[in-house]
Amino acid sequence: MPSVLVCVDAGVETITLNRPEKLNALNPEMHAELRAALERAADDAEIRAVLMTGAGRAFCTGQDLAERDVSAGAAPIDLSVSLGSHYNPLVRRLRALPKPIVCAVNGVAAGAGANLALACDIVIAARSASFVQAFARLGLVPDSGGTFFLPRLVGTARAMALALLAEPLSAERAEQWGLIWKALDDARLADEALALARGLASGPTKGFGLLKKAIYSSASNSLDAQLDLERDLQREAGVSEDYREGVTAFKEKRPPRFKGK
Ligand code: LHQ
């Protein structure tokens, strides 16, 4: 079985992490398959939104710890190698994809798995799901963007406690804190996630790509730089076919039919 399932339908590429017996822990094969799926999403104009989720009872529990030989005689492991070759490119790829990514967190999201979810654009979670910054339990620093996303999403106080205590945060609390968009009843998650992704896939894809860039640039920009960026991105959005369609549809009092261009 592939460790990542990919299905394209109605403009949505659904990516399902598929090592359920390991709670979808990440290994190099999974990284390679994820990379291929995201490259396809970037290159294929038919794909206008991505939906990421996990098979089985977990979303993803981060790095596959069974692959690390930490026995007394083993050579020390340089974890920067796998961050540099796998995890950091994955987070960068998710953020840079000029199409919306919905993450449906169907169960526990731990370690790099939690931060993989936070790297997506809209995160929804089953009420039974939880988010665990498990790194401190292993003597590690939150990675895969965790130290960037957490303080920005929930503030330093909560980010620090989540990282130091490594306690599970329920999906409902994650919603209350603004870590994620919504917690949903478990039975509704899959359908709602697909409906959300399909809705996004019929939106103004080009404009969505530009707005991702604008929102994510704001974390490191001054107001002046951000205003300049908005001006430049709006110039691009304003010459898109979808802008023309959006204004025409408004004037004609009908729903827009966006083509994503
Ligand atoms: C696993 C894993 C897993 C292997 C469940 N690996 N098998 C580090 C290094 C380098 C670069 C990148 O980043 C990182 C950061 C990381 O991501 S390090 C990993 C951080 N993640 C964790 O520490 C989570 C480890 N897992 C757990 O604490 C538990 O599995 C949780 C609390 C998530 C779920 O507990 P349970 O519901 O009791 O399930 P379980 O523990 O019985 O797990 C089921 C199976 O999945 C089990 O295998 P087995 O053969 O015994 O049935 C686990 O060993 C396996 N599994 N996570 N990350």
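In the predicted model, four strands are arranged as an open sheet of mixed pairing, in the order S4-S6-S8-S9. The edges of this sheet are taken by strand S4 (58–60) and strand S9 (169–170); each has a single partner strand, so one side of each is left without a neighbour in the sheet. Within the sheet, S6 and strand S8 (residues 130–132) run parallel and are joined by two bridges. In this pairing, Ala109 is placed opposite Phe131 of S8.

A further open sheet is formed by six strands, which follow the order S1-S2-S3-S5-S7-S10, again with mixed pairing. Its edge strands are strand S1 (4–9) and strand S10 (182–184), each of which pairs on one side only. From one strand to the next, the twist averages 20°.

Several pairings of the six-stranded sheet can be described in detail. S2 and S3 run parallel and are connected by six bridges, with Val12 standing opposite Ala49 in S3. On the way to S7 in the strand order, S3 is followed by S5. Strand S3 (residues 49–54) is paired with strand S5 (residues 101–105) in the parallel sense, and four bridges are found between them. Here Thr53 has Ala104 of S5 as its bridge partner. The parallel sense also applies to the pairing of S5 with strand S7 (residues 122–126), which extends over four bridges. Val102 is the residue opposite Ile122 of S7.

The burial of S3 and S5 was examined next. In a regular strand, side chains alternate between the two faces of the sheet. For S3, six of its six residues are buried, and the cover extends to both faces. One side of S3 carries Ala49, Leu51 and Thr53, while Val50, Met52 and Gly54 belong to the other, and all of these are buried. Thr53, which is bridged to Ala104, is thus described as buried on its face of S3. In S5, five of its five residues are buried. Both faces of S5 are likewise covered, with Ile101, Cys103 and Val105 buried on one side and Val102 and Ala104 buried on the other.

The ligand is surrounded by 26 residues, of which the closest are Arg57, Thr61, Gln63, Leu65 and Asp143. By residue class, this shell comprises 14 nonpolar, five polar and seven charged residues. Oxygen atoms of the ligand lie at short listed distances from polar atoms of the protein, including a polar side-chain atom of Arg57 at 2.8 Å. A polar backbone atom of Ala112 is 3.0 Å from an oxygen atom of the ligand, and for a polar backbone atom of Glu21 the corresponding distance is 3.5 Å. Of the 1000 Å² of accessible area that the ligand has on its own, 66% is covered by the protein. Two or more residues of the shell are given by helix H2 (79–96) and by strand S6 (108–110). H2 gives the most, with four residues.

Helix H2 is also the location of Ser82. This residue is buried, as its relative accessible area is 12%, a value under the 20% cut-off for burial. The side chain of Ser82 is in polar contact with that of Arg68, at 3.2 Å.

Two residues were noted for their backbone conformation. Most residues other than glycine have a negative phi. Leu23, although not a glycine, has a positive phi of about 50°. The position of Leu23 is in the loop between strand S2 (12–17) and helix H1 (28–43). Lys253 likewise has a positive phi, near 55°, in a residue other than glycine. Lys253 is found in the segment after helix H10 (241–251). With a relative accessible area of 79%, Lys253 is exposed, the cut-off for this class being over 50%.

Conventions
Residues are numbered from 1 along each chain as its sequence is written. This is a predicted model: local features need pLDDT of at least 70, side-chain atom pairs count only at pLDDT 80 or more; totals for chains, interfaces and linings use all residues. Side-chain values use heavy atoms; hydrogens and water are left out. A residue is near a molecule or strand if one of its heavy atoms lies within 4 Å of it. A polar contact is a pair of N or O atoms within 3.5 Å; within protein, one must be able to donate a hydrogen and the other to accept it, and residues adjacent in sequence count only if both atoms are side-chain atoms. Accessible areas come from the Shrake-Rupley method with a 1.4 Å probe; for residues, only the protein chains shown count as cover. Ala, Val, Leu, Ile, Met, Phe, Trp, Tyr, Cys and Pro count as nonpolar, Asp, Glu, Lys and Arg as charged, and the others, Gly among them, as polar. Two strands pair if DSSP finds at least two bridges between them. Buried means under 20% relative accessible area, exposed over 50%, partly exposed in between (1.4 Å probe, protein chains only). Axes are lines fitted to C-alpha atoms, for helices over the stretch in contact, and angles run from 0 to 180 degrees between N-to-C directions.
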